[in-house]
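Here is a short tour of one protein chain. Look it over from end to end before reading on.

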Amino acid sequence: MAEHDPFVLTALHAIATLCGSLVLALAILEGRLTAEDAFALSRLDEEYQAEKWGRDAGAELRARALAAELDAAARFMRLAKG
């Protein structure tokens, strides 16, 4: 972590918070996952529950907002890395 500047670390923190996983955030940082793929992986349980019990419009709106935030944070991180 010491090799990264505060801007990258800030984005990494935001991504880890949005995904609920430092591992997924690090995978985005290292270019092993896209933000879209990481978000999909972070929502496996929510998707399972939606398939089992049905979709909730409010939860779907929240998920889209979180995905947009994650995409913005990943874009910021890429730009900060140079």
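In what order do the elements of the protein chain run from the N terminus on? The order is α-α-α-α-α. In numbers, the protein chain has five helices and zero strands. Keep in mind that this is a predicted model.

**The chain as a whole**

Start with the outline. The C-alpha atoms fill a box of roughly 45 × 20 × 15 Å, taken along the principal axes. The protein chain has 82 residues, and 32% of them count as buried. The chain exposes about 5700 Å². Carbon and sulfur atoms supply 59% of that area.

Now consider the contacts. Take those in the protein chain with a separation of 6 or more. Residues 24 or more positions apart account for 60% of them.

**A buried alanine**

Find Ala 11 in helix H1. Is Ala 11 buried or exposed? Its relative accessibility is 3%, so Ala 11 counts as buried; the cut-off for buried is under 20%. Which residues does Ala 11 touch, leaving aside those up to four places away in sequence? They are Ala 73, Phe 76 and Met 77.

Compare Ala 11 with Trp 53. These two are 42 residues apart in sequence. In space, they lie 34 Å apart, C-alpha to C-alpha.

**Salt bridges**

Next, turn to charged side chains. Side chains of opposite charge can pair when their charged atoms come close. How many salt bridges does the count come to? It comes to three. The table gives each pair with its N to O distance.

| Residue | Partner | Closest N to O |
|---|---|---|
| Glu 47 | Arg 55 | 3.0 Å |
| Arg 55 | Glu 60 | 3.2 Å |
| Asp 71 | Arg 75 | 2.9 Å |

Arg 55 appears in two of these rows: it forms a salt bridge with Glu 47 and another with Glu 60. Glu 47, Arg 55 and Glu 60 are thus linked in a network of salt bridges.

How open are these residues to the outside? Glu 47 has a relative accessible area of 27%, so it is partly exposed. Arg 55 counts as partly exposed at 49% relative accessibility. The cut-off for exposed is over 50%. Glu 60 is partly exposed too, with a relative accessible area of 24%.

The remaining pair sits in helix H5. Why are Asp 71 and Arg 75 separated by about one helical turn? Because they are four residues apart in helix H5. Their side chains meet in a salt bridge. Asp 71 counts as partly exposed at 33% relative accessibility. Arg 75 counts as partly exposed at 41%.

**The largest pocket**

Last, look for an opening in the protein. The largest pocket has a volume of about 280 Å³. It is lined by 18 residues. Which of them are the closest to its centre? They are Arg 43, Glu 46, Ala 59, Arg 62 and Ala 63.

Several helices take part. Those that give two or more residues to the lining are H1 (6–19), H3 (35–42), H4 (44–53) and H5 (57–81). Which helix gives the most? H5 does, with five residues.

What kinds of residue form the lining? Seven are nonpolar, four are polar and seven are charged.

**Pulling it together**

Helix H5 comes up more than once in this tour. It holds Asp 71 and Arg 75, and it gives the most residues to the lining of the largest pocket. Helix H1 is the place of buried Ala 11, and H1 also gives two or more residues to that lining.

Terms used. Residues numbered from 1 in each chain as written. Predicted model: local features only at pLDDT ≥ 70, side-chain atom pairs only at ≥ 80, totals over all residues. Heavy atoms only, no water. 1 Å grid on protein atoms, 1.4 Å probe; cavity = no way out; pocket = protein on both sides within 12 Å on 5 of 7 lines; lining within 4 Å. Points joined across faces, edges and corners; volume = space filled by probe spheres on them. Nonpolar A, V, L, I, M, F, W, Y, C, P; charged D, E, K, R; others polar. Buried < 20%, exposed > 50% of the residue type's maximum accessible area, 1.4 Å probe, protein only. Contact = heavy atoms within 4.5 Å. Salt bridge = Lys/Arg side-chain N within 4 Å of Asp/Glu carboxyl O. Areas by Shrake-Rupley, 256 points an atom, 1.4 Å probe, with all protein chains shown as cover.
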